[in-house]
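Visitor: I should like to take a close look at one single part of this molecule. Please guide me through it step by step, and explain each term as it arises.

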Amino acid sequence: GVAQRSKLRTSPTEEEAAAASVEFRCPCVRVAQPDGSTKMFRTMNAVQQMARRSICNSARRQVENKVSQKQKMFQEDNGMPIHLKGGSSDALLYRATMVLTVLGVGFTLYELVKASFPQKKD
């Protein structure tokens, strides 16, 4: 039995020959599947198509050009300062900026006074 098998296997089988000739391959290299297709190629192709679709779809969106409307609004002579002509959001941002500035200056002055008069240790 065993002697007969060893005599018959003088040449390596196809599997052994394939295993002996295996080289390191990058995972992105196309590897033929038994059905003849290349799985990695199909996957990469699908990813490229999805990326292309998302780019193309974003380019198709039409955005209305509002520059001329904004120019007219900001160039009106209505006595308002330019930093408040944007509406209520500009007024809110202006007020928030002023409150934060006043609080920052007040805190800075407080810390300077506190540092100028060190407390005595008992």
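Guide: The following account turns to helix α5, after a short view of the whole chain.

This is a predicted model, in which local features need pLDDT of at least 70 and side-chain atom pairs count only at pLDDT 80 or more, while totals for chains, interfaces and linings use all residues. Residues are numbered from 1 along each chain as its sequence is written, and side-chain values use heavy atoms, with hydrogens and water left out.

The chain contains five helices and zero strands; here helices (H or I, at least four residues) and strands (E, at least two) are DSSP runs, numbered from the N terminus. Of its 122 residues, 3% count as buried, a term that means under 20% relative accessible area, whereas exposed means over 50% and partly exposed lies in between (1.4 Å probe, protein chains only).

Confidence is expressed as pLDDT, the predictor's score for each residue from 0 to 100. The chain averages 77, and 61% of the residues score at least 70. The mean is lowest in helix α1 (residues 2-8), at 52, and highest in α5, at 96. Where pLDDT is low, the predicted coordinates should not be read in detail.

Helix α5 covers residues 88-116. An unreviewed UniProt entry lists residues 92-113 as "transmembrane region"; such annotations may be inferred rather than shown by experiment, and the positions are given in the numbering used here, with feature names shortened. In the model, the span 92-113 is 100% helix and 0% strand, and its end C-alpha atoms lie 32 Å apart.

On the surface, Val99, Leu100 and Leu103 form a nonpolar patch with about 320 Å² of accessible area together. Such areas come from the Shrake-Rupley method with a 1.4 Å probe, and for residues only the protein chains shown count as cover. A patch is made of residues with over 30% relative accessible area and no salt bridge; like charges are joined within 9 Å, and nonpolar side chains (Val, Leu, Ile, Met, Phe, Trp, Tyr) within 5 Å. Val99 belongs to helix α5 and is partly exposed, at a relative accessible area of 48%.

Finally, a search of the whole structure finds one salt bridge, that is, a side-chain nitrogen of Lys or Arg within 4 Å of a carboxyl oxygen of Asp or Glu. It joins the side chains of Glu111 and Lys114, at 3.9 Å from N to O. Because Glu111 and Lys114 are three residues apart in helix α5, about one helical turn separates them. Glu111 is partly exposed, at 29% relative accessibility, and Lys114 is also partly exposed, at 47%.
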